[in-house]
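This report introduces a molecular structure to a reader who has not met it before. The sequence and the model are shown first.

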Amino acid sequence: MTDSTALDPEDRKIVTLARAARARNGVPEGAAVRDDNGRTYVAGTVALPSLGLSALRTAVAMAVASGAGALEAAAVVGEALSLPDEDLAAVRDLGGSATRVFVAGVDGAVRSVVTAG
């Protein structure tokens, strides 16, 4: 486990935004990404009969659709202890392999920090 209070304020912000998205929308996961200009994009899990996206892939898609050129960091809040390769690939596509991804529990406590690599 990582002490969430030890996070940089901008990193703590995306964890908080991801947690809020999960709670507000009543979805299994919430995610937030920060682009290279400091803008944030927040999303929840998409579970439609014709479309299923994780919260992180949805947040990355929102960043791309809004014109983001790169990502600095990402956060996911949910029950999972690790992330699927597809989620990390989406972050890597926009942010590169060194982009940090904070994986937090539903209480907002960061369980791990991984790279998209």
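The text below takes up a strand pair, then two helices, then some glycines.

The model is a predicted one. Strands β1 (residues 30-35) and β2 (residues 40-44) run antiparallel and are joined by 5 bridges. Within this pair, V33 of one strand stands opposite Y41 in β2. The hairpin that β1 and β2 form has 4 residues between the strands.

Helix α2 covers residues 55-65. Its buried residues are A55, L56, T58, A59, V60 and A63.

Helix α3 covers residues 85-95, and here D87, L88, A90, V91 and L94 are buried. These residues lie on the same side of α3, because they cover an arc of only 155° around the axis. On the face of α3 turned away from that buried side are the exposed residues D85 and D93. What do the buried residues of α3 pack against? Their partners are helix α2 and the strands β5 (71-77), β6 (100-104) and β7 (110-115).

The table lists glycines with a positive phi, together with their places in the chain.

| Residue | Place | Phi |
|---|---|---|
| G38 | hairpin of β1 and β2 | positive, near 90° |
| G67 | just after α2 | positive, about 95° |
| G96 | just after α3 | positive, about 95° |

Helix α2 is thus followed by G67, and helix α3 by G96. Helix α2 also has buried residues of its own, including L56 and V60, and the buried residues of α3 pack against this helix.

Terms used: Residues are numbered from 1 along each chain as its sequence is written. This is a predicted model: local features need pLDDT of at least 70, side-chain atom pairs count only at pLDDT 80 or more; totals for chains, interfaces and linings use all residues. Side-chain values use heavy atoms; hydrogens and water are left out. Two strands pair if DSSP finds at least two bridges between them. Buried means under 20% relative accessible area, exposed over 50%, partly exposed in between (1.4 Å probe, protein chains only). The arc is that of the directions from the helix axis to the C-beta atoms. Contact means heavy atoms within 4.5 Å.
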